[in-house]
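User: I am new to this structure and would like to go through it step by step. Please take my questions in turn.

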Amino acid sequence: SLPTCFMASAFSFCSRRRRSDSAISSRCRASSARRRSNAVRQSAASAQSIVRMFPEIRTINPGKDGMLGRAQRTLAIALVRTDGAIELDPTWRSKTPEQRAQNVAWAVSSLERLRTIRKNDPAVDTDLGEALAKVDGRQDEARGILQSLADRDLMATPQGYAALGRLQNQAGNAAARDAAIQRCTAMAKDAEICKVATTPGGQS
């Protein structure tokens, strides 16, 4: 049998290793949470700045005005990526689920209007697919748009691949989910955005 002192030392080492692994895991989770929080704050700051510059942006149709179109698109993406949870002005709130859903609906409407002007633009299609993925009843449409872009290697953002991964997971398509996550990870600066919580139907 092993000497008692050796067994005691091994137990002590393993205990320290478990504590160390746990501490590293906790630090990683905290770091990921900070990055997500920073991303939300940046989106909110960008959106609020746009509304200050263009108070009428909620109701105006930018048409072919490039500056207004870019501002509306930036605002729409910010609302989508925060699930509508940005307080923009006294009449544009996000305190209730209904208000947040309305904010996302406005983002979708804005991106759909932009798509009629910029036809066959992969960047706009990517943004719209990402937005539609947040709307109940339109996920199939979102998956079709995003998968078509992925098949042609035209996806413009890692967030588009992340949305596709979630949609394919919900549909139970494990291979397509994993392919989307892999492409997202290769494109993203922060692979945290590519994580997809798997469901029993979508597990490999």
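**Salt bridges, core and disulfide**

Analyst: To begin, the side chains of Arg81 and Glu130 meet in a salt bridge, with N to O at 2.9 Å. The model is a predicted one.

User: Which helices hold Arg81 and Glu130, and how many residues apart in sequence are the parts that the pair ties together?

Analyst: Arg81 belongs to helix α2, while Glu130 belongs to helix α4. The pair therefore ties together parts of the chain whose separation in sequence is 49 residues.

User: Is Glu130 buried or exposed?

Analyst: The cut-off for a buried residue is under 20% relative accessible area. Its partner Arg81, at 32%, counts as partly exposed. Glu130 has a relative accessibility of 6%, so it counts as buried.

User: How many salt bridges does the count come to?

Analyst: Side chains of opposite charge can pair when their charged atoms come close. Arg81 with Glu130 is one such salt bridge. The count comes to 12.

User: With which residue does the side chain of Asp83 meet in a salt bridge?

Analyst: Asp83 sits in the loop between α2 and α3. Its side chain meets its partner at 2.8 Å, N to O, and that partner is Lys134.

User: How many residues apart in sequence are the parts tied together by Asp83 and Lys134?

Analyst: Lys134 counts as partly exposed, at 32% relative accessibility. Asp83 lies in the loop between α2 and α3 and Lys134 in the loop between α4 and α5, so the parts that the pair ties together are apart in sequence by 51 residues.

User: What is the phi of Asp83?

Analyst: Most residues other than glycine have a negative phi. Asp83 is not a glycine, yet its phi is positive. Asp83 is partly exposed, with a relative accessible area of 44%. Its phi is about 55°.

User: Which residue in the loop between α3 and α4 should I look at, and what is its phi?

Analyst: The residue in the loop between α3 and α4 is Asn120. Asn120 is exposed, with a relative accessible area of 75%. Although it is a residue other than glycine, Asn120 has a positive phi, near 60°.

User: Which residue has a side-chain oxygen that reaches the backbone nitrogen of Ala123?

Analyst: The contact is at the start of α4. A side-chain oxygen comes to within 2.9 Å of the backbone nitrogen of Ala123, and it belongs to Asp121.

User: How many of the 11 residues of α4 are buried?

Analyst: The buried residues of α4 include Val124, Leu128 and Leu132, and also Asp125, Asp127 and Glu130. What covers the buried residues includes α2, α3, α5 and α6. The helix is largely enclosed by the rest of the structure because its buried residues number 9.

User: Which helix gives the most to the largest nonpolar core?

Analyst: Nonpolar side chains tend to be buried together in soluble globular proteins. Here the largest nonpolar core has 40 residues, and those with the most contacts inside it are Ile57, Leu75, Leu79, Leu88 and Trp92. At least two residues of this core come from each of α1, α2, α3, α4, α5, α6 and α7. With 7 residues, the helix that gives the most is α2.

User: Leaving aside neighbours within four places in sequence, what is Leu88 in contact with?

Analyst: Leu88 is among the residues with the most contacts inside the largest nonpolar core. With neighbours within four places in sequence left aside, Leu88 is in contact with Ala47, Gln48, Val51, Leu75 and Leu79.

User: Which residues are joined by a disulfide?

Analyst: A search of the whole structure finds 1 disulfide. One of its cysteines is in helix α7 and the other in the segment after α7, 10 residues apart. The S to S distance is 2.0 Å, and the residues are Cys184 and Cys194.

User: Are Cys184 and Cys194 buried or exposed?

Analyst: The relative accessible area of Cys184 is 0%, so Cys184 is buried. For Cys194 the value is 2%, so Cys194 too is buried.

User: Which residues are linked with Arg138 in a network of salt bridges?

Analyst: Arg138 forms a salt bridge with Glu141, the closest N and O atoms being 3.0 Å apart. At 24% relative accessibility, Arg138 counts as partly exposed. The residues linked with Arg138 in the network are Glu112 and Glu141.

Technical notes: Residues numbered from 1 in each chain as written. Predicted model: local features only at pLDDT ≥ 70, side-chain atom pairs only at ≥ 80, totals over all residues. Heavy atoms only, no water. Core = buried A, V, L, I, M, F, W, Y, C linked by side-chain atoms within 4.5 Å. Buried < 20%, exposed > 50% of the residue type's maximum accessible area, 1.4 Å probe, protein only. Helix = DSSP H or I, 4+ residues; strand = E, 2+ residues; numbered from the N terminus. Contact = heavy atoms within 4.5 Å. Disulfide = S-S within 2.5 Å. Polar contact = N/O pair within 3.5 Å; in protein donor to acceptor, adjacent residues only side chain to side chain. Salt bridge = Lys/Arg side-chain N within 4 Å of Asp/Glu carboxyl O.
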